[in-house]
2 protein chains.
Amino acid sequence: MRPTATKEKILDATIALVSEKGYLGATTREIARRAGVTELTLFRHFGSKENLFELCVESRSFLPDLRELLPDLDGLPYEEALETLGRRFLLSLKERKQMVMIMQSEMARYPGKMRRMYGQLMDEILKTLATYFTALQKKGALRHFPAELAARMFLGMLFSYFRTEEIMRGTDITKGGRMDAAVKGVVDIFIHGTAAGKNGALKRRRT
Amino acid sequence: MRPTATKEKILDATIALVSEKGYLGATTREIARRAGVTELTLFRHFGSKENLFELCVESRSFLPDLRELLPDLDGLPYEEALETLGRRFLLSLKERKQMVMIMQSEMARYPGKMRRMYGQLMDEILKTLATYFTALQKKGALRHFPAELAARMFLGMLFSYFRTEEIMRGTDITKGGRMDAAVKGVVDIFIHGTAAGKNGALKRRRT
DNA sequence: TAGGAATGTAAGTGAGTACTTACATTATAG
DNA sequence: CTATAATGTAAGTACTCACTTACATTCCTA
């Protein structure tokens with residue numbers, strides 16, 4: 001009977017149902033039912049469906065720990081750093097899968113809110129990653145490429161992989177080593193490219 | 001007063017409105033109004049909203065010319081082929097922007113239909129691209145990497161770029177040479193990777 | 001010019017929605 | 001033990017939506 005616990009249950013039910021059926025498809029009746037609560041209780045706590053959704057988006061937004069994805073990467077070798085980052089990024093997306101789905105499906109209806117969420121999700125980590133690239137470029141460890149575009153490519157590939165597998169196909173990427181294999185493959189191509197080395201043979205082989 | 005013309009107008013209005021407001025948000029009243037037609041006419045032609053949406057999805061699906069994206073690439077050098085393919089892919093996405101948006105936002109509500117569309121959009125071109133990679137690998141022109149994953153990476157990066165720019169940020173990628181620059185950058189990294197060459201300096205520079 | 005098909009006007013039906021009101025019940029804190 | 005805050009039950013309001021019915025109008029064709 002603690003109000004905060006009740007609110008939490010309602011917010012959980014909201015994010016789940018909206019990600020399944022969209023904002024208009026998720027009725028207050030069913031949200032309340034799934035939260036194990038009366039519809040009236042929902043309105044007593046949040047006043048309106050619109051307000052409930054706003055609070056839901058804000059309380060479940062992406063800020064918290066995404067900016068902590070890049071901290072201890074400086075010590076690692078390049079390839080290992082990218083693999084670690086890639087895995088963390090995918091796991092972070094998976095944890096917020098419902099919000100990612102809401103973001104995609106409600107983009108048309110709430111452009112402002114969703115753009116803000118997208119910014120929180122991607123922009124900061126993007127800039128940090130670009131800075132990381134630039135630093136390595138200055139050391140001569142990396143070629144000269146547009147760092148920001150490369151960061152977008154790297155995260156974009158992983159995001160696209162996540163979308164295809166988790167959202168479109170409904171497979172669990174954490175099972176059966178799928179994710180690790182995908183991350184390794186992505187990082188390998190991202191680092192070494194696809195063209196055969198100029199000096200004759202292949203630069204590298206995989207099993 | 002030709003029925004086919006009326007149907008077309010209604011289908012156009014449907015795809016536009018649904019991509020703006022989602023399936024539930026697009027009312028038959030407004031669809032009819034935007035088509036310059038009475039609501040009754042809409043129902044006389046399509047019977048139900050659900051049926052209208054189905055026909056809309058089917059008539060506007062992706063099949064037509066996407067499989068013709070890969071035809072004349074065999075003669076071109078690798079880099080040029082990828083750039084051409086990338087540009088065509090982005091332009092094709094842009095032509096079908098409304099359907100892409102519908103596909104994303106109605107994924108939760110119509111998984112079957114949207115998965116089918118997604119398959120039509122991506123799978124075939126994906127496999128063809130993977131085959132292209134495999135052929136070049138056999139010739140020794142490319143390294144040994146998982147061809148299918150690489151194809152997904154390449155298209156995924158471009159798709160992600162499209163999503164960010166056209167859908168999230170609302171910018172027109174065809175203006176100001178944005179698209180060409182992005183494709184060149186993507187292709188460059190995809191081909192050559194980001195690591196500096198083992199033999200000392202950079203393998204390649206850009207202006 | 002007559003006839004039939006496509007469309008329009010107007011009014012309405014039934015179901016579902018967000019949200020409300022009035023009152024009863026429970027649980028916890030002082 | 002009592003007062004208060006949180007929740008429940010039940011009924012209902014005002015609205016919108018997909019969809020229908022009955023009848024009038026327009027336009028192309030034969």
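Buried means under 20% relative accessible area, exposed means over 50%, and partly exposed is what lies in between. Keep that handy for the exercises below, and remember that this is a predicted model.

## Exercise 1: K94(A) and its partner

**Task.** Work out whether K94(A) is buried, exposed or partly exposed, then find which side chain meets K94(A) in a salt bridge.

**Solution.**

*Step 1.* Start with the accessibility. K94(A) has a value of 23%, so K94(A) counts as partly exposed.

*Step 2.* Now look for a partner. The side chain of K94(A) meets that of D172(A) in a salt bridge, with 2.8 Å from N to O.

*Step 3.* Place both residues on the chain. K94(A) sits in helix α6 (residues 78-95) of chain A, while D172(A) sits in the loop between α9 (147-168) and α10 (178-192) of chain A, so this pair ties together parts that are 78 residues apart in sequence.

*Step 4.* Check the partner too. With a relative accessible area of 24%, D172(A) is partly exposed.

*Step 5.* Zoom out a little. K94(A) and D172(A) belong to a network of salt bridges that also links K97(A) and E166(A).

## Exercise 2: Two more salt bridges

**Task.** Take the pairs D188(B) with R143(A) and E165(B) with R169(B), and say where the residues of each pair lie.

**Solution.**

*Step 1.* Here's the general idea first. Side chains of opposite charge can pair when their charged atoms come close.

*Step 2.* In the first pair, the side chains of D188(B) and R143(A) form a salt bridge at 2.8 Å, N to O. D188(B) is in helix α10 (residues 178-192) of chain B and R143(A) is in the loop between α8 (111-139) and α9 of chain A, so the pair joins two chains. Both D188(B) and R143(A) are buried.

*Step 3.* In the second pair, the closest N and O atoms of E165(B) and R169(B) are 3.1 Å apart. Both residues lie in helix α9 (residues 147-169) of chain B, four residues apart, or about one turn of the helix.

*Step 4.* Compare their accessibility values with the cut-offs. E165(B) has 7% and is buried, whereas R169(B) has 40% and is partly exposed.

*Step 5.* For the full picture, a search of the whole structure turns up 36 salt bridges over all chains.

## Exercise 3: Around DNA strand D

**Task.** Which residues come nearest to DNA strand D, and which elements give two or more residues to the surface near this strand?

**Solution.**

*Step 1.* There are 20 residues around DNA strand D, and those that come nearest are T6(A), T41(A), R44(A), H45(A) and K49(B).

*Step 2.* Pick out some contacts. R44(A) has a polar side-chain atom 2.6 Å from a base nitrogen of DNA strand D. With T28(B), a side-chain N or O atom is 2.9 Å from a phosphate oxygen of the strand. For R29(B), the matching distance to a phosphate oxygen is 3.5 Å.

*Step 3.* Move up to the elements. Two or more residues come from each of α3 (39-46) of chain A and α2 (28-35) and α3 (39-46) of chain B. The largest share, four residues, is from α3(A).

*Step 4.* Sort the residues of this surface by class: seven are nonpolar, eight polar and five charged.

*Step 5.* Turn to the DNA side. Of the strand D atoms within 4 Å of the protein, 54% belong to sugar or phosphate, and the rest to bases.

## Exercise 4: Around DNA strand C

**Task.** Which residues come nearest to DNA strand C, and which element gives the largest share of the surface near this strand?

**Solution.**

*Step 1.* Of the 19 residues around DNA strand C, the nearest are K49(A), T6(B), T41(B), R44(B) and H45(B). Sugar and phosphate make up 56% of the strand C atoms that come within 4 Å of the protein.

*Step 2.* Check some phosphate contacts. A polar side-chain atom lies 2.3 Å from a phosphate oxygen of DNA strand C in T6(B) and 2.4 Å from one in H45(B). For T28(A), a side-chain N or O atom is 3.0 Å from a phosphate oxygen.

*Step 3.* Finally, α3(B) gives the largest share of this surface, four residues. By class, the surface has seven nonpolar, eight polar and four charged residues.

Notes:
Residues are numbered from 1 along each chain as its sequence is written. Chains are lettered from A and ligands numbered from 1 in the order in which they are written. This is a predicted model: local features need pLDDT of at least 70, side-chain atom pairs count only at pLDDT 80 or more; totals for chains, interfaces and linings use all residues. Side-chain values use heavy atoms; hydrogens and water are left out. A residue is near a molecule or strand if one of its heavy atoms lies within 4 Å of it. A polar contact is a pair of N or O atoms within 3.5 Å; within protein, one must be able to donate a hydrogen and the other to accept it, and residues adjacent in sequence count only if both atoms are side-chain atoms. Ala, Val, Leu, Ile, Met, Phe, Trp, Tyr, Cys and Pro count as nonpolar, Asp, Glu, Lys and Arg as charged, and the others, Gly among them, as polar. A salt bridge is a side-chain nitrogen of Lys or Arg within 4 Å of a carboxyl oxygen of Asp or Glu. Buried means under 20% relative accessible area, exposed over 50%, partly exposed in between (1.4 Å probe, protein chains only).
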